[in-house]
Amino acid sequence: MRLLLVEDQPVLSEAIGSHLKAQGIAVDAVLDLKGAQAAVMAEEFGAILLDLSLPDGDGLDFLMRLRREERPVPVIIMTARDQIRDRIKGLEAGADDYLVKPFDLDEMVARVYAVTRRYEGNPNPLLQVGDCQIDKTGHRVLLKGGEVRLTAKEWALVEKLVSKPSAIVSKEQLEQSLYCFDDEIGSNIVEVYVSRIRSKLGKACIETVRGLGYRFTGVCG
């Protein structure tokens with residue numbers, strides 16, 4: 001998943017971003033509404049974490065603009081505004097969830113995955129693909145009852161591949177799931193990670209569709 005983090009406090013932004021990246025989530029962090037607007041114009045995100053009190057305006061204005069434009073992206077508000085009326089206002093503006101600062105980082109990750117599952121139309125955190133069971137909450141791949149250990153970036157790539165079962169995912173889309181704006185992307189980085197995943201799950205688990213991209217078959221062993 002690629003996530004947009006809109007938070008104007010650098011220390012907090014770094015802490016949130018580091019925790020998300022450790023879970024295999026690519027994070028693009030911006031400090032204000034101008035940066036947020038530029039980001040959503042340039043890229044598609046799996047979710048947005050949105051602060052409200054920003055240097056150049058209120059995050060609710062940005063949220064309402066997203067909803068007017070009918071952008072299908074889950075948005076979680078994170079703010080120090082803890083009054084019930086503030087939560088109601090945020091949800092009525094189109095937020096999918098509301099976190100009051102300070103919050104637990106593991107709970108934040110759980111909420112991110114919960115809202116993205118709802119958008120995918122599959123509230124069940126367990127997904128069966130071929131021989132593999134994908135545990136989206138635990139960030140695990142289970143094969144024949146045992147867990148196959150994946151690195152954060154290997155998991156990010158698998159998660160992107162299974163986000164639309166049986167669909168072909170382009171190399172460019174996979175690159176976006178692995179890296180943020182400020183990361184350097186090697187020309188063969190996707191091939192490297194596909195090879196590593198195949199070595200753990202089996203050569204047939206990911207199909208290469210020449211000229212189009214990759215498809216996760218889940219045929220393992």
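**Exercise 1.** Find which residue of strand 6 stands opposite leucine 49, and place the two strands in their sheet.

*Solution.* Leucine 49 faces isoleucine 76 in strand 6. Strands here are DSSP runs of E, at least two residues, and helices are runs of H or I, at least four residues, both numbered from the N terminus. Next, the pairing: strand 3 (residues 47-50) and strand 6 (residues 75-79) run parallel over three bridges. Two strands pair if DSSP finds at least two bridges between them. Then widen the view. Five strands make an open, parallel sheet in the order 2-1-3-6-7. Strand 2 (26-30) and strand 7 (97-100) each have a single partner strand, so one side of each lacks a neighbour in the sheet.

The model is predicted: local features need pLDDT of at least 70, side-chain atom pairs count only at pLDDT 80 or more, and totals for chains, interfaces and linings use all residues. Residues are numbered from 1 along each chain as its sequence is written, and side-chain values use heavy atoms, without hydrogens and water.

**Exercise 2.** Is glutamate 7 buried or exposed, and what does glutamate 7 touch?

*Solution.* Start with location: glutamate 7 sits in the loop between strand 1 (2-6) and helix 1 (10-22). Its relative accessible area is 0%, so glutamate 7 is buried (buried means under 20%, exposed over 50%, partly exposed in between; 1.4 Å probe, protein chains only). Now list contacts (heavy atoms within 4.5 Å). Beyond four places in sequence, glutamate 7 touches residues including Leu12, Asp51 and Lys101. Finally, a polar atom of the glutamate 7 side chain lies 2.9 Å from the backbone nitrogen of glutamine 9.

Terms used
A polar contact is a pair of N or O atoms within 3.5 Å; within protein, one must be able to donate a hydrogen and the other to accept it, and residues adjacent in sequence count only if both atoms are side-chain atoms.
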